[in-house]
Amino acid sequence: MTGLRPVDEATARAYRRSLYRAGGISVRVGQRPLPDGPEGSGWWRRGDVVFVSAANPGGRRRPDGWNRRRMRALAGRLAGCERHEGEGRLGQWAEPLFAACLPLARARVIARHFGQNAVLLVRDGGPGRLVFLDGRG
């Protein structure tokens with residue numbers, strides 16, 4: 001399943017405005033991650049950390065049970081990677097996700113498999129970068 005379709009500007013804007021949280025950090029597109037508290041290992045400061053979901057593929061709302069099953073399948077695909085459960089949120093809308101330590105190239109393949117439009121990349125603790133899977137960035 002890919003579910004990929006061109007992302008309209010309103011959806012892209014929503015992705016850019018969302019707050020992504022996992023593993024004790026919060027990040028927005030274009031900003032560096034901020035620790036949620038004084039504790040923390042700094043796990044997100046090295047290599048690629050990719051925020052990826054399996055919920056609501058192609059930006060289409062799916063039932064909660066379906067999304068839970070897809071997220072379990074995603075957890076299986078991320079086996080062997082350091083990963084942290086979290087969510088992406090904009091207002092009342094929230095989706096489950098994982099922040100996973102894995103190369104962007106692998107994350108793209110996994111995200112496409114689950115029909116996602118985009119992932120959020122944090123490289124070496126730098127600003128979050130939205131990476132669209134339709135080839136635009």
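How many salt bridges does the structure hold? The answer is six, and I shall discuss three of them after describing the sheet. Please bear in mind that this is a predicted model.

Let me begin with the fold. Eight strands make up an open sheet with antiparallel pairing, and their order is S3-S2-S1-S5-S6-S4-S7-S8. At the edges are strand S3 (34-35) and strand S8 (129-132), each of which pairs on one side only. Helix H2, residues 64-77, packs on this sheet and touches S4, strand S5 (83-90) and S6. The direction of H2 makes about 10° with that of S6.

Two of the strand pairs deserve a closer look. Strand S4, residues 48-52, is joined to strand S6, residues 93-101, by four bridges in the antiparallel sense. Within that pair, Val50 stands opposite Ala100 of S6. Strand S7, residues 118-123, pairs with S8, also through four antiparallel bridges; here Ala118 has Phe132 of S8 as its bridge partner. S7 and S8 form a hairpin with five residues between them. In its turn, Asp124 has a positive phi of about 50°.

I now return to the salt bridges. Side chains of opposite charge can pair when their charged atoms come close. Arg123 and Asp48 are one such pair, with 2.6 Å between the closest N and O atoms. Because Arg123 lies in strand S7 and Asp48 in strand S4, this salt bridge ties together parts 75 residues apart in sequence. Asp48 is buried, at 15% relative accessibility, whereas Arg123 is partly exposed, at 41%.

Arg21 and Asp36 form another salt bridge, at 3.1 Å from N to O. This pair links distant parts of the chain: Arg21 belongs to strand S1 (residues 19-22), and Asp36, 15 residues away, to the loop between S3 and S4. Arg21 is partly exposed at 37%, and Asp36 is partly exposed at 40%. A further salt bridge joins Glu9 to Arg16, with the closest N and O atoms 3.2 Å apart. Glu9 is partly exposed, its relative accessible area being 42%; for Arg16, also partly exposed, the value is 35%.

Finally, the cysteines. Why does Cys81 not form a disulfide with Cys101? The sulfur of Cys101 is the closest cysteine sulfur to that of Cys81, yet the two are 8.0 Å apart, which is too far for a bond; the cut-off applied is 2.5 Å. The count of disulfides is accordingly zero. Cys81 is buried, with 12% relative accessibility, while Cys101 is partly exposed, with 21%.

Terms used
Residues are numbered from 1 along each chain as its sequence is written. This is a predicted model: local features need pLDDT of at least 70, side-chain atom pairs count only at pLDDT 80 or more; totals for chains, interfaces and linings use all residues. Side-chain values use heavy atoms; hydrogens and water are left out. Buried means under 20% relative accessible area, exposed over 50%, partly exposed in between (1.4 Å probe, protein chains only). Two strands pair if DSSP finds at least two bridges between them. Contact means heavy atoms within 4.5 Å. Axes are lines fitted to C-alpha atoms, for helices over the stretch in contact, and angles run from 0 to 180 degrees between N-to-C directions. A salt bridge is a side-chain nitrogen of Lys or Arg within 4 Å of a carboxyl oxygen of Asp or Glu.
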